[in-house]
Each structure stands twice: as C-alpha cells, then as structure tokens.
Amino acid sequence: MKSLEPEDKVEYLETILDRVSLNEDAETRLREGIDATELQDTFESFRSSDPNVWIEKTYLEGRDYKQSGDYALGKAIYSPSQSRGGQDIFKTMREAEVGDVVLHLLQEDGEIVGASRIESELDDEFDGLDAFGWSDEQQEEGGYLRWLNEYTEFETPLDIYDAVFENDQYTAALREIRESHTHLPYDTNLELAQGTYLARCPDSLASILAAEHSPLKTYLENAGLSLPDPPEGGDSSGEDVTDFDGIDEATEVVLERLRDSHHTNILADHIDNTQIRTWSDALRGFQPDGYIDPDGLTDLEDLLALLERVEQPLREIAADLNIGALDSADPHEVVFLALLRDLQEQADLPYGLNANQTKLNVLQNGAYVTFDNLDHPLVKQIRAAGTDAYALTSPPANWLTVLRHRAFGLRESAKDTWEEIEPGDILFFHAAGESNHSELDSQAGFVFGAAIAGRTAQKDDAWWYDEIEADADFPYLLTFDQLFVTPGAATIGDPPQVIEATDAETLEPALDALGQDAIPISEINDLCQSLVGTQFPVHAAIDPIEDNTPYGRAAGIADRLANTVNEISPVAIHRDFTGTIPASVLDDLHFPADAGIASADDLAGQITAALRAGDHIIFTGPPGTGKTEVAQAVTDYLERAYPYLYSGSQLTTATADWSTFDTVGGYMPDPDVAGDQLNFHPGVLLNRLKNPKSGTQTNEPTIIDEINRANIDKAFGQLFTTLSGQRVTLPYRINGDNDAEIEVVPADQAADSGTFQSNEFVVPETWRILGTMNTFDKTSLYEISYAFMRRFTFIRIGVPDIPTDGTDQEAFLQDYARAWGMDPSQEMCHQVAAIWRATNTAISERSVGPAIVQDILAYVTAHDDTSASQLTDAVISYIFPQLEGVPGRKEIVKNIGHVDIIDTDKLERAAADMLAVQDIDWDTND
C-alpha cells in the first residue's frame, strides 16, 4: 500500500471495505479519512500475533471454478454450512480468523501446492454456485465464504504421504497429535481423512510440514508463525498401562477407574436405552463369517460412527486411566466397549451383555456375510416376505427355446408344482443334461440367469424339440415379469428353433453364447455348500429351494448373479400371434341374437383374424355400443393368456390437441436434473415399447379411445412409416447423445442381439393399436386419411334392432339387464326400451348403443319408485348430450316425447336450454 500513488489509495481502501468485515469504529475511522499509513500500521499490528494454520483439502480435476475465476484455488475458501445429512462438519470455517494461513492440499495428488492468508471475515449467507453440487437443503441453509490473499504457489509441491505420513520419523508424533486434536487432515491410519474440508493444522503438525518443505517454512515464518522444533521420532507410549485378557476384566477395570476419576460415561450423552437395545439386538448371533441382515448392519454401522465421533475423548480417557489393549482392540476401543457394556447393563436386556472385542473386530474388518447388491431387483425380491425360489433345470438347447419364447415349459407330472408358483417368486436357470438333438454334444452344467416369475399360462402349440420331434407335451408355462441373464446369453437375440432339421453349425454359436460368462455349477455348489451344507438341486426340471435361513442358497445365488447379469426383455418380441380370442372374453357384454349385430362368436372371430394377420384394429360404431369395453376385454385377455408376448396394456384418449409430442415424444426439462437441460421424453406410444426405468423392451397393446377426435395425420407423424412395418428415424436424440438419433425399428429389422441401444425403440411383432371411432361424427371421420385407414382392420360394433312390440321390447331389455347384473321391474324395462327405440328410430343418422341405456337403467333403479320425472331426467342426462349438433335432434326429442311416461314440459325446457330446440309440436308425428 505504501507504494501506491495517493489517488490509488482510496480505491485500495474501498476494496478492503468490500472484502473485509470491520467493526463499526474501524469502518467509521476509515470513512472519515484516517491516514492511510496509520491504517496500514493498524492492519500490521492486527496481524502481529501468531496466526493459526489450516489445511484446505480440495480437488482441482473436473472443477473449472477451482482452476480460474473468483473462486479459484488461493482466492477463496467456501463450503456449505452443513453436510447433506444436516451435521455441523464445516464449523472450522467459523473458527478461522482474518490473517490465518491456509495451506492448499490437492486430494487427488496428495500434495500441498500453495499457501494463502485469510483476508475477510466469514460470509455466512453465501449462495454458492450450481457447479458446487450442493443439495437443495444446503443451498436453502446458505454456505460459508472467506476471501483469501497473498497466494503463493509452490514450485515443487509437498507430497504429504512420502514426506510425512509414510515417514517413520513422524509416526509417533502424528499419533500424539491425534490424541490431543480433532478435525485433523489425517485419520488413525495416517491417511487423508474423509469429510473434513478445512482441517486444523496445529503448530506441532505445521513444524513437521515446514521441516520437509523449505518454501512452506519460509511462508509460515513470513506470516509471523513461531514454529516449535520438529519431532525426532520415538515411542510415545505411556507408563504403567494395563493390558487385558478378556472383556469382562477390561470392563471391570475401566468402570472402576472411571468412578475414581473426574470422567463419566460419555456414551450416555449420545444414546438412550432404545438405541442400546437396537444395537444389542443387532449384535446377537453376530459372529465371524456369519450372516447379518442389512437392516442390522445399518444399525451396527451407526455404532461404528459413534465410535469414530467420540474417538478423541475416548483416547483422553484411555490415557488418563492407563487403559491398554485387548487382543486387536486399541485402548480407546476398550474404553468404548466397557462404556457400551455399562449401558447394556443399565438397559436391562433380556439376554447377556454382547458387546466385545471380537464382534467389534468383525464389524470393522467386514468379516461377515450380507447382501452385496441390495438395490438389485433379484436381491430385493428374494428378501421380500413370501417369496419362494425354484431351480429350473433343462439341457442347454432347451434353454434356447425358453429364450426364443420367453417361457419355461413343464410336463403334466410337474403340474402340482406349477400351480404353487406365484408371481414374484424367483426362478434360477440351470443348463445341464444332454440334448435329444443328435448333433449336439453334452456340456458341463452352469447357471446363466434368473427371473422374477410372472403369470403362469398354458399353450397348445409345439415349441420344444421333444414336442416337435417326439410325442412329448410341455403345456404348463412359467413366464417372467423380469428376466436377467449373463452377458453372453443377453447377446443371443432371437435364438434359432431347435429341431432336428436345424444343424449343429447353426445352433452352436447360440449355445456358446449361452455358456459364456455363466457360473459353473461347481462354483454354485461350493457357494451353496458354504452357506447351508447342501448343494444346488439339479435332478428335476423344477425343484423348490427351501433353506429356512435368511441367507441361504437362493439368497446367495441371487446376490452372486446380481454382479453378473443384465436385464433383458421378458417378452418374445420376434414371435407372431397364433392364438385365439375366445367369445368368452366378451361375456360381460351382451350381443342379442337376431338383432342385426354381430354375435360374440362372430366378433371374437374377426378380432382373432385381424391379430393373426398382424393388423391394427379400429372398432367403429355409434356411441354406447361397447367399443371401448371390447377393446379393454381383448387387451386384458392378451395380458392374461399370453404373458410371454405382452407385458401390459395402456388406454389413452385422443384429443383435438394431439401432436407427435403426445404420441412420439419430445424434449422436456428433466425434473431430476438441476439446470435447464432438456432431455427427450417418450410419448404415449413409444412408452409402450420400453420400460422407462430399466430401459428393457416391453410390449403393451395400446387402446386409443375416440381416435377420430385427433388429427391423426398430425399426431402420428413419422409413426405412419412404422405402422407399415418400416424402420423410421425421428428428429430427436437421447439425452445429450450428439450422435444417436432415435430410431423406431420393427422387430424383424432389429439387430440380431438380445439388447438394444438406448436410442432404439423396437416394435414387437405382436404390438397392436386398438382404436375406437364414433361413426356418427362425420366431420372427424373425414379427417382420417386413407393412408392411415389402410393400416387398420375396421370392425363394426353396431346398435341392435329394438323390437316394435311392447312385450318383445320388455323381454329384450330384460336380457340386457341380466347381463348387466340388474333386476328392474317389467314396467321399467317396458318404458326404458320404448325410450331407446324412440331415440334410435327418429332419424337414420343418429342412434345410441346399450351402454347409454345401461346408464339410464342404473339411474332410475337407484330410486325407490319410477316416475315420469325420473325417466325424463335420465333422458336429459344421458341421451341429450349425444344429440348436441345433430341436425335432426328436434325429431329425436319429439319422438322421445311421444313415449307415454315422459314429462314433455320438462323435456321441452331442457331441449331449449341444451339443444336449442324450441316450439315442438307434440300433436304431429313429422
């Protein structure tokens, strides 16, 4: 400052005011024009006392803000005010003072690369930068910031490991420093500690660093730091320390000496009886190489966390009381165990004290068995209550057929076991045994996958070699809700059909892939033997795995497979639909004979033919004819009867606003990603082809209700090409991938692999759209182009002809009522049937189907007595909305009014309000 020109000093002082927090008196004196030299002397005086030394542990790699700009290394130190869990682990930011020295240690290199001085008081309302990656809670609480100056970068950094931590001369001194200080940059293993950002550097530690690095020593001396002489090494152990032979002796001695000292049981300040019981329960039966439940392990990890948290005061107690070691337990750990057992005694446990050095050592060294892959679906499922596990064994060639059809077949002899399997059970895949195929050699057994069971099903077609070439039958199917196989098996794609005519040269590449990366049965048997003393069951096509232990064979194999397997599609995307839609699927609907409409048998036959032909379907007809119900009944049956082909279904309703954004998808902000990044989100149709969470292939037939409400040409866009069976590229890319444009690919054109790229949406051979269309909406009908319509089979569901005779009408409606589960009176059936006929015979351009009549009947039967007013209200509520915009609506209203029970005054008022129909002449019939 003394070198500044007078005109520059004001700017310099203003900068100091902006960057340094001064008390009110100091700032007032500065503002009033105190002599700059006097102020400089004041600052120098302020800095004349020995500063503290701190170590910033940070990273440069991958952090642009740390390499340049206002927050670069040596310009500032900053942190959240709390950890992500809410702990006060950054309190040293508050303890530091202006003038203190900060050494900058890069954790990725283990090197101190420079030093700075703290220039400003603490800013405790620092918002941070997005690049810092603070959580929402951390940003809301605010962070800490201190500006730095006088940064010096060392030409040769100080390697903290080579020069200090691994230098035997300092080992004893470093351990002594840990006995008397907390929040140090290193842990008990003399390695960089985790979780400490601004670590304390006591003078004794600073003297060691200075002894190993001359530039650092010079910087500290220039900062006014008076350093003690560095240690020369040696053994720091105390005198008359008592070592122990057992935990009971150690507990007795520790507690006796504790009572005779000023110390107390410090654990009592951190935990209560509930926590003691929880930990004690988790310690029960906890032995070397034994199983521990993940929940219990979480509890015991909390116990270890407490040990680490109170390590320093425990060391002080151990030193004051001359407590020595017990086996592998250090003195402070012996004190911890004794205090913990003291609290166990006070908690009045229903079993003996169980905290000891053996269990602590097992816990610290991970010498136990538990699940390694808790988040894997197989492990989650195997731990779920009520989950059973089964071993499926078949020759390798048969497993190619399983992957081809995505189902495992069982003979009649296994029917009882097949009936016991529930969705959610675990199925392990074991390939073993000789194939009946004459050209295939036998292979050593191996386990290559597992599945979470889906629905059971049955089939009539011949799939397996023994069904095609011999007289065998495997009608009982196990299908899969989720399917996991080893990487080699995942590459097989659509396996070849295993029949005698298929030569070995064709089959062997797939069989080789099946065994690639698989786990040999010998390894599986060793695992099972180590867990329960019993091997994997291999002698039947299906065998239950029952061990009655939380980590038995099923758990161990699932955990082992989780390290290896990939999830693939549980449905057979390459197979055609060869099944049948039975008329019984439509049992909840009523199709009267001789009423001018298709019967249930006829309708089911039309649907079956369309599905087998590979066509999409549009059900057409007037409102209320059950088009949507038929579509839902069909998709429900497909899911239920063919779970190896269909993984679900979806109903959606078209709207006039539909575009490709709704059907195909588009770019949207990602709610799980900070910032304004836009990612591609699939629309309602693409989402039927791929699981949005796992990315695995799915196959969900899609019902588009009222398809003619939308401008379909606009809404489907590029999907028109896909409906014709052609590959299409969409103008989108997957989540920042600059190369991969999204492709919609028919299954027969997909890569010959079981896995697909993230940008590929594969259309299974059996995927279908089932649309519904109101044929009376002529305007919307003509908005659907011929190009679209020719890609669909149109199936008409008409309105039945209602008898003219009153008695016949009554019987006609009673048949419908029974199908709907209703029991109306004969008179009510007579009146409602008359209203239905009057509605449908007034003009040829408009009629209503049975669903609307069902609503009317449900409305009037909900009243104790049927009156003209109630029936008229029902007509207004359910029929009038169907007449809006209909040119002949006046004739329809007039025709309904001629039914004897109708209240024509109420009907006419409603017609005027809702339909703009006025001046009805009830006395004429035209």
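**Exercise 1. Decide whether D162 is buried or exposed.**

Step 1. D162 counts as exposed at 54% relative accessibility, where buried means under 20% relative accessible area, exposed over 50% and partly exposed in between (1.4 Å probe, protein chains only).
Step 2. Find its place: D162 sits in helix α7, residues 160-165. Helices (H or I, at least four residues) and strands (E, at least two) are DSSP runs, numbered from the N terminus.
Step 3. Look at a distant partner: the C-alpha atoms of D162 and L363 are separated by 31 Å, and the two are 201 residues apart along the chain.

Before you go on, please note that this is a predicted model, in which local features need pLDDT of at least 70 and side-chain atom pairs count only at pLDDT 80 or more, while totals for chains, interfaces and linings use all residues. Residues are numbered from 1 along each chain as its sequence is written, and side-chain values use heavy atoms, with hydrogens and water left out.

**Exercise 2. Describe how helices α34 and α35 cross.**

Step 1. Recall what is needed: two packed helices are described by the angle between their axes and the distance between the axes.
Step 2. Take the values. The axes of α34 (residues 850-861) and α35 (residues 868-878) come within 9 Å and cross at roughly 145 degrees. Here, axes are lines fitted to C-alpha atoms, for helices over the stretch in contact, and angles run from 0 to 180 degrees between N-to-C directions.
Step 3. Add the hand: the crossing of α34 and α35 is right-handed. A crossing is left-handed if the near helix is turned anticlockwise from the far one by less than a right angle, and right-handed if clockwise.
Step 4. Name the residues that meet. From α34 come I852, D855, I856, Y859 and V860, and from α35 come Q870, L871, D873, A874 and Y878. Contact means heavy atoms within 4.5 Å.
Step 5. Sort them by class: the contact of α34 with α35 has 7 nonpolar, 1 polar and 2 charged residues. Ala, Val, Leu, Ile, Met, Phe, Trp, Tyr, Cys and Pro count as nonpolar, Asp, Glu, Lys and Arg as charged, and the others, Gly among them, as polar.
Step 6. Turn to what α35 hides: its buried residues are Q870, L871, T872, A874, V875 and I876. Their cover includes α33 (826-841), α34, α36 (889-897) and α37 (904-915).

**Exercise 3. Work out where the buried residues of helix α12 lie.**

Step 1. List them: in α12 (residues 273-283), I276, W279, S280, A282 and L283 are buried.
Step 2. Look down the axis. The buried residues of α12 fall within an arc of 160 degrees, so they line one face of the helix; the arc is that of the directions from the helix axis to the C-beta atoms.
Step 3. Link this to helix geometry: an α-helix has 3.6 residues a turn, so residues three or four places apart point the same way.
Step 4. Find the cover, which includes α13 (294-309), α15 (331-346) and α16 (357-365).
Step 5. Check both ends. At the start of α12, a side-chain oxygen of D272 comes within 3.2 Å of the backbone nitrogen of T274. After α12 comes G285, with a positive phi near 70 degrees.

**Exercise 4. Find what T401 and H430 touch.**

Step 1. T401 belongs to helix α18, residues 396-405, and is buried with a relative accessible area of 2%.
Step 2. Leaving aside neighbours within four places in sequence, T401 is in contact with W463, W464 and V498.
Step 3. H430 lies in strand β12, residues 426-431, and is buried with a relative accessible area of 2%.
Step 4. Not counting residues up to four places away in sequence, H430 touches residues including L392, W399, F446, I521 and F536.
Step 5. The C-alpha atoms of H430 and P396 are separated by 8.5 Å, with their positions 34 residues apart along the chain counted as the spacing.

**Exercise 5. State the phi and the exposure of E150 and D919.**

Step 1. E150, in strand β6 (residues 143-159), has a positive phi near 55 degrees and is not a glycine. E150 is partly exposed, at 41% relative accessible area.
Step 2. D919, in the segment after α37, has a positive phi of about 55 degrees although it is not a glycine. D919 counts as exposed, at 67% relative accessibility.

Notes. Polar contact = N/O pair within 3.5 Å; in protein donor to acceptor, adjacent residues only side chain to side chain.
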